[in-house]
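Here are a few exercises to help you find your way around a new structure. Have a go at each task before you read its solution.

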Amino acid sequence: MWEDFLNALNNFKRNKTRTFLSLLGVIIGVASVIVITSMGKSSTKKIESTFGTAGLDVVNVSPGFIRRKALSQTMPFDESFRIKLFDNIPDIKKVWFKNSFNVTLSYGDTSSSISCSAVETGYLEMYNLELESGDFFNVTDNEEGTQKIILNHETAESFFPAGDAVGKQIMLVSNKVTFGFHVIGVLKEQTTGMENGAAFIPRGFYSKKIKPNPEAGNVMVQAVSNEKAVSLVDSIKEYCTEITGNEYAVNVNSMQSMLEQMSEITNTMSIMLSAIAAISLLVGGIGIMNIMIVTVTERKQEIGIRKALGASPKDIRQQFLVESASITVIGGLLGIIIGIIISFAVEYVQKQAYIVSWQACVVSFVFSVFVGIFFGLNPASRAAKLDPVIALSSE
C-alpha cells in the first residue's frame, strides 16, 4: 500500500492541474466546515463571557399581565409569596425582593436622573459584585431602613471624579421628596453580568419612606445550583399559573436557561451550515470520480502490463483506491490548515475568543477520506475488471 501511495504522488506530479482541481473541492468543503463550527463555538463563548458566571443560579420573576380581568388575576409579590415559594417549590436556596425606580441624584452642582434599585442585604454579594471601596449593606441597614447608598463605578465617577465618594452625603429626590444619603460603597466597574444598576439603597428604607409596604417589583429566586435554575423556571411558572388561573400572571426566566437556548440555537445553525458546506465535499467527490475514470482510461496499458506480470484484480483495485483516497487525505489536511488560519483571522478581526473545533476537524477529515474511497470505488473496480489483452492493445 505504501508503494501505491508513492506511485499516486508521482501521478499527481505529472498531472498537477488536474490534481489541483480535484483537491480544490475537498479543501473548500473541509475548510468551510471548520470555519463555521469554530465561529459558532467562539460566538457561544463570547455570549457566555458577556453574561458572566455570576447569577447563573438565579431565576428572575417579574409581574405578568391580566389577559381577562374577570377570570384571572396577577400574583402579588409580598412576603406571603416568599413563604409560598419555599413551602411549595423545591431546590430554592434564597428569595430576594427588589424594587427599581427613577430618582434624581445631586451633589454640589452635579445632578443626574438615574435608575435606583432598592435591594435586600446580601443581594449584591449574591451577584458576585465587588467593591472598589467602602462596604456593603448589613442586616441592620435593611431592617431599620438606613439612609445609605452604594454607587456603581460610572455613577461614582460622574459625581466624584477625584474618587473620594465614600463618606460623602448625596441628595436623592423621589416623587419630589428629597432625602440625604450617606455613600458607604462604590462598586468596581462591571463588564459582565445581568445586574448593572446605577445606585442601590436598602429596601427597608424604600418600604418605609418612599412606598410603604410595597410589593416587590422583581423577585430573584436563587436555586441550589446552576443546573436546577432551568427546572426552577418551569416549576415557578406552573405554580403561579395554578394559583392565579392565569398563565400570564408572571414572567419567569433565568440567565442559565437563556444561555442554554442561545447555545442550542448557535449549535443548530452551525450544524445546518456545516451540512451545507459538506455538500461541496460531495461535489468534490464526484469530480474525483470523473478524474479517476479518465485516469483509468489513460492508463489502460499500464494496467494491462501489471496484470500480465501477475497483478491480481485486488492489487489493481487497491492501487486506484489508494490514489483516490490520497487526493482526499491531502485535501483534507490542507483544508484543516486553511480552515484554522481563516478562523483565526476572522476571530482576530472580530476581537473575540478563538476556539478551534477539533471535533469538526476530525469529522470533516474522516468524511473527506470516506468520500475519496466511496467515489473512487467505481473507477477502481473498472480498472480491476479490465481484460489484460484488451488493455494492452488499447492506444
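Two strands count as paired if DSSP finds at least two bridges between them. Keep that cut-off handy, and bear in mind that this is a predicted model.

**Exercise 1. Work out how strand E5 pairs with strand E8, and which residue in E8 is the bridge partner of leucine 151.**

Step 1: Find the two strands. E5 covers residues 148–151, and E8 covers residues 199–202.

Step 2: Check the pairing. E5 and E8 are joined by two bridges, and at least two are needed for a pair. Their sense is antiparallel.

Step 3: Look across from leucine 151. Its bridge partner in E8 is alanine 199.

Step 4: Now turn to E7, residues 177–187. Here E5 runs parallel to its partner, with four bridges between them. Leucine 151 sits opposite valine 186 in E7.

**Exercise 2. List the strands that pair with E2 and give the number of bridges for each.**

Step 1: Start with E2 itself, residues 92–107.

Step 2: Take E3, residues 110–119. Ten bridges hold the antiparallel pair E2 and E3, and valine 103 faces isoleucine 114 of E3.

Step 3: See how the chain gets from one to the other. E2 and E3 make a hairpin with two residues between them. In the turn, glycine 108 has a positive phi of about 65°.

Step 4: Move to E9, residues 218–223, which is antiparallel to E2 and joined to it by six bridges. Valine 95 has valine 221 of E9 as its bridge partner.

Step 5: Finish with E6, residues 169–174. E6 is antiparallel to E2 too, with three bridges, and leucine 105 is matched with leucine 172.

**Exercise 3. Trace the salt-bridge network that includes arginine 82.**

Step 1: Begin with a general idea. Side chains of opposite charge can pair when their charged atoms come close.

Step 2: Find one partner of arginine 82. Glutamate 79 forms a salt bridge with arginine 82, and their closest N and O atoms are 3.0 Å apart. Both residues belong to helix H3 (residues 79–88), three residues apart, or about one turn of the helix.

Step 3: Compare their surroundings. Arginine 82 has a relative accessibility of 13%, so it counts as buried. Glutamate 79 has a relative accessible area of 44%, so it counts as partly exposed.

Step 4: Find another partner. Glutamate 120 meets arginine 82 in a salt bridge with an N to O distance of 2.7 Å. Glutamate 120 is in the loop between E3 and helix H4 (123–126) while arginine 82 is in helix H3, so this pair ties together parts that are 38 residues apart in sequence. Glutamate 120 and arginine 82 are both buried.

**Exercise 4. Find where lysine 188 and glutamate 130 lie, and decide whether each is buried or partly exposed.**

Step 1: Spot the contact. Lysine 188 and glutamate 130 form a salt bridge, with 3.1 Å between the closest N and O atoms.

Step 2: Place the two residues. The pair links distant parts of the chain: lysine 188 is in the loop between E7 and E8, and glutamate 130 is in the loop between H4 and strand E4 (131–134), 58 residues away.

Step 3: Read the accessibilities. Lysine 188 is at 37%, so it is partly exposed. Glutamate 130 is at 43%, so it is partly exposed.

Step 4: Tie this back to the previous exercise. Shared partners join the salt bridges of Glu79, Arg82 and Glu120 into one network. The structure holds five salt bridges.

**Exercise 5. Identify the residues of the nonpolar surface patch, and say whether isoleucine 276 is buried or exposed.**

Step 1: Pick out the patch. Ile265, Met269, Met272, Leu273, Ile276, Ile279 and Val283 make up a nonpolar patch of about 680 Å².

Step 2: Zoom in on isoleucine 276. This residue belongs to helix H9 (residues 255–298). Its relative accessibility is 55%, so it counts as exposed.

Step 3: Set a charged patch beside it. Glu132, Glu154, Glu157 and Glu189 form a negative surface patch. Glutamate 154 is in helix H6 (residues 153–159), and its relative accessible area of 40% makes it partly exposed.

How values were computed: Residues numbered from 1 in each chain as written. Predicted model: local features only at pLDDT ≥ 70, side-chain atom pairs only at ≥ 80, totals over all residues. Heavy atoms only, no water. Patch = residues over 30% accessible without salt bridge, like charges linked within 9 Å, V, L, I, M, F, W, Y side chains within 5 Å. Areas by Shrake-Rupley, 256 points an atom, 1.4 Å probe, with all protein chains shown as cover. Salt bridge = Lys/Arg side-chain N within 4 Å of Asp/Glu carboxyl O. Lys, Arg positive; Asp, Glu negative; His and termini not counted. Charge placed at Lys NZ, Arg CZ, Asp CG, Glu CD. Buried < 20%, exposed > 50% of the residue type's maximum accessible area, 1.4 Å probe, protein only.
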